[in-house]
Amino acid sequence: MPELPEVEVTRRGIAAPLLGARVLSVRLGKPLRWPLGQPLQTLVGRRIGEITRRGKYLWLPLQAPDAVARGDGAGCTDGGGCAKGAGETRGGEDAAYRDASDASDASDASNASDGSNRSNGSSGSDGSDRTDGGLLLHLGMSGSLSLQRQPQPPGPHDHFDLATDCGTLRLNDPRRFGAVVWSPSLLHAPAATLLKRLGAEPFDAALTPVHFHAALQQRRAPIKAVLLAGDVVVGAGNIYACEALFLAGVHPALRADRISRPRAARLLAALRQTLSRALELGGSTLRDFSDVHGTSGAFQSEAAVYGRAGLPCTRCGGLLKRQVQAQRSTYFCVVCQRR
Ligand SMILES: [Zn+2]
């Protein structure tokens, strides 16, 4: 499952090439986890702003065509051969509209359901399409994004294409737990609703060891489960939680509220070190993650405990253990990780 480092690796691969790109067409495949919630045609003509990440969500701001005109000259900033305006675009009859009847903006959904392909950017008659907004993306269990200058025809697992004048952003998601959802902003529903339960960003300077320890004091669950839940700090998916706990010498079953302040500080530092290393190595590829260029991550090959049950601990030489905890495999060393 793509975790925070993999999502950040993905973001870094698409943010610069797509900054200022203009949306030419949108294609949906089979339904993803939630409906898009916006007629596809209203996205055409918008320009992509700075792509950001919160937890495992990516936010693609889409400036309304009017705002683009005022901005005058945003444009594709990629000097590396961006075929601006020259690419063959797909739309109209190729655009597979999905029923958006449960979207909040049902009237707009019916408005666009005729599949007509308006080639200019100013869609909509009531002006409601002209406001800024954006797409919140989640890779789910098995999603990965690619950016293709000359896109191949979509395969059976390609369920979202955002064709722009700087390439086509494509979501491949065999298990379809991923999502692409329209939101007026990060501060409004549905984005705000989806993001509100997230814990602190791991590299946020406001997350001090004191704050981390204080948050752990409120939890009686095992520390591993607290890390996985992501409501204290995001980013500690299973492999990263296992590695950080080993690095900090903390037993995964230790109750979070029994962790001392010095150990909490060590654990926070270990989590940051683990995630930094994962980012350097392009994330982890446990099954099928690849970055936007199709390159696999390499962190998993450096893991000290994850996936290494029965093998010797790199620190003490004892055999590493695997235990199922909160329905997830936990790997640890009984000698080096104390309760
Ligand atoms: Zn050990």
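Student: Which residues of helix 1 meet Leu275, Ala278 and Leu279 in helix 8?

Tutor: In this predicted model, Leu4, Pro5, Glu8 and Val9 are the helix 1 residues that meet those three in helix 8. Sorted by class, the contact of helix 1 with helix 8 has six nonpolar residues, one charged and no polar.

Student: How do I describe the way two such helices pack?

Tutor: Two packed helices are described by the angle between their axes and by the distance between the axes. Here the axes of helix 1 (residues 4-18) and helix 8 come within 9 Å, and they cross at roughly 40°. Angles under 35 degrees would count as roughly parallel; helix 1 and helix 8 are therefore oblique to each other.

Student: What is the handedness of the crossing where helix 1 passes helix 8?

Tutor: The crossing is right-handed.

Student: How do I read the buried residues along a helix?

Tutor: An α-helix has 3.6 residues a turn, so residues three or four places apart point the same way. Take helix 5 (residues 209-216), where Phe212, His213 and Leu216 are buried. These residues cover an arc of only 95° around the axis, which puts them on the same side of helix 5.

Student: What covers the buried residues of helix 5?

Tutor: The cover includes helix 6 (223-229) and helix 8 (261-280).

Student: How much of the chain counts as buried?

Tutor: Of its 339 residues, 45% do. The chain holds eight helices and eleven strands. Among contacts with a separation of 6 or more, 70% are between residues 24 or more positions apart.

How values were computed. Residues numbered from 1 in each chain as written. Predicted model: local features only at pLDDT ≥ 70, side-chain atom pairs only at ≥ 80, totals over all residues. Buried ≥ 20, exposed ≤ 12 C-beta atoms within 10 Å, placed from the backbone. Helix = DSSP H or I, 4+ residues; strand = E, 2+ residues; numbered from the N terminus. Arc of directions from axis to C-beta. Contact = placed C-beta atoms within 7 Å. Axes fitted to C-alpha atoms, helices over the stretch in contact; angles between N-to-C directions. Parallel < 35°, antiparallel > 145°, perpendicular 65-115°, else oblique. Left-handed = near helix turned anticlockwise from the far one by under 90°. Nonpolar A, V, L, I, M, F, W, Y, C, P; charged D, E, K, R; others polar.
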